[in-house]
Amino acid sequence: MSGVPLPSNLLPGDGSPEWFSRADNAWQLIAATLVGLQSVPGLIILYGGAVKKKWAVNSAFMSLYAFACVFFCWVVWGYRMSFGDELLPFWGKPAMSLEHTYLFKRAFLGAFPNATMVYFQCVFAAITLILIAGAVLGRMNFYAWMLFVPLWLTFSYTFTAFSIWSSSGFLTKMGIIDYSGGYVIHLSSGVAGFTAAYWVGPRLNKDRERFPPNNILLMLAGAGLLWMGWTGFNGGDPYTVNSDASLAVLNTHACTATSLLTWVILDVLFFRKPSVIGAVQGMITGLVCITPAAGVVEGWAALIMGVLSGSIPWFTMMVVHKRSKLLQKVDDTMAVFHTHAIAGTLGGLLTGLFADPRLNKLFYGTDGQYVGFFYGLGSKKVSTGFRQMGVQILGIIFVIFVNVISTSLICLFIRIFVPLRMSEEDMEIGDEAAHGEEAYAIWGQGDKLENSSSKYGSSLYDDVEAGGPKKKRGGTVEMMSN
């Protein structure tokens, strides 16, 4: 109300000008930190527990290094290439984000400064590289990874981030809907990870045939951090503390829970064995699928997306993968192609179908431009709904094209200087050869004792590359035929 004096703690000042929202800034910093915790320690713990014991240190360290390297590159040149002044319709001009005169200015969206936006967007860029690492665990030369991270951030991530999220990007101007990174992060990481895995080459044959987690409980702890951290991942993208942020958080958890349950039910129906590792896969596909749609779809649509994200990637992983020579050839350690590329594509398409114009208006501030296909049919805006689906599909094609080409060129460039793949001798040893360190001072590689393995069988998810799910027949475990 005019004429009513504000409390002293709410008065504008040098550090909080008229446009500055303390509440929005506080939430944005918290959301960014939640996303950061998904990587450090979330994916560090998940990867470290999900791989064979001899790769626990290497897998965790790839994540830690990527987070640190991305942060440095981001503030020196990466952020401005992704969200700064236009150089090309899909790329920004490189520049530093370090001077307080720039960092204290208002961000391109939201009532908070550039410093907060740089931090928020940085943790998204970092987790994308860490997700790519999941495809090449267990054999990529760490020196090659040290080069890969800054090169891929510069010559791939910035392309898609600018094109889809920057207000100057060509796909942004066309009206693509990617609420929180289904395209920029998950489809990108899934395609790039699969492409990098092709160029790096496979693990040792015995590791592909048997790659048991060394600590499933530790893996679950990392998965839990990933799930809960998604509150900031999707809840922070309205860039304000409003009802849409709350809706995005609720939809995220509803879709994820439904996806996990769907995956477990399918495991029980077809393999008579509920798998903890399978449940984690279903959790991840649910998180990925809802990400491009989180705050622009109704709750009932989030549940439908959960059913589909728990079943379609399950089918591609457990059936299609086993019958595809290409998928069998490429050694994708953590199945990021299925959990991120397939689930991200599915999420982008379903967003085009279910995006509610009213929610899109709340998120984008534009009336009538963003209309899901089904809403277009119902409101006699069929052409607008068709156009939305066309833009969503164009975005998928663009992200796939950019990541296949850029990732391939980066890998080919790196191998001029260092091998992409560790030597056979070093892969036999693992962490000790790569880093001179071991994860645990205990015996074995995390394999089950012989009598335990023969009595209880192996997990369906020992390795998605290992020739297919296993089915018990007459007390023995046999591979299901293709």
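Start by selecting helix 14, residues 336-354. In this predicted model, most of helix 14 is covered, with 14 of its 19 residues buried. Put a distance between its first and last C-alpha and you should get 25 Å, close to the 27 Å expected at 1.5 Å a residue.

Keep helix 14 on screen and add helix 11, residues 276-290. The two pack with their axes 8 Å apart, at an angle of about 35°, and the crossing is right-handed.

Now show side chains where they touch. From helix 11, pick Gln281, Ile284, Thr285, Val288 and Cys289. Their partners in helix 14 are His338, Thr339, His340, Ala343, Gly344, Leu346, Gly347 and Leu350. Colour this contact by residue type: six of its residues are nonpolar, seven are polar and none is charged.

Next, zoom out and select residues 26-440. UniProt lists this span, in an unreviewed entry, as "domain: Ammonium transporter AmtB-like". Helix makes up 72% of the span and strand 1%. Its end C-alpha atoms sit 39 Å apart.

Last stop: Ser423. Look for it in the loop between helix 17 (382-414) and helix 18 (424-429). Is Ser423 buried, partly exposed or exposed? Its relative accessible area is 31%, so Ser423 counts as partly exposed, a label for values between the 20% and 50% cut-offs. While you're there, draw a line from the C-alpha of Ser423 to that of Met117: they are 306 residues apart along the chain and separated by 42 Å.

Key. Residues numbered from 1 in each chain as written. Predicted model: local features only at pLDDT ≥ 70, side-chain atom pairs only at ≥ 80, totals over all residues. Heavy atoms only, no water. UniProt positions renumbered as here; feature names shortened; annotations may be inferred. Helix = DSSP H or I, 4+ residues; strand = E, 2+ residues; numbered from the N terminus. Axes fitted to C-alpha atoms, helices over the stretch in contact; angles between N-to-C directions. Left-handed = near helix turned anticlockwise from the far one by under 90°. Contact = heavy atoms within 4.5 Å. Nonpolar A, V, L, I, M, F, W, Y, C, P; charged D, E, K, R; others polar. Expected span 1.5 Å × (residues − 1). Buried < 20%, exposed > 50% of the residue type's maximum accessible area, 1.4 Å probe, protein only.
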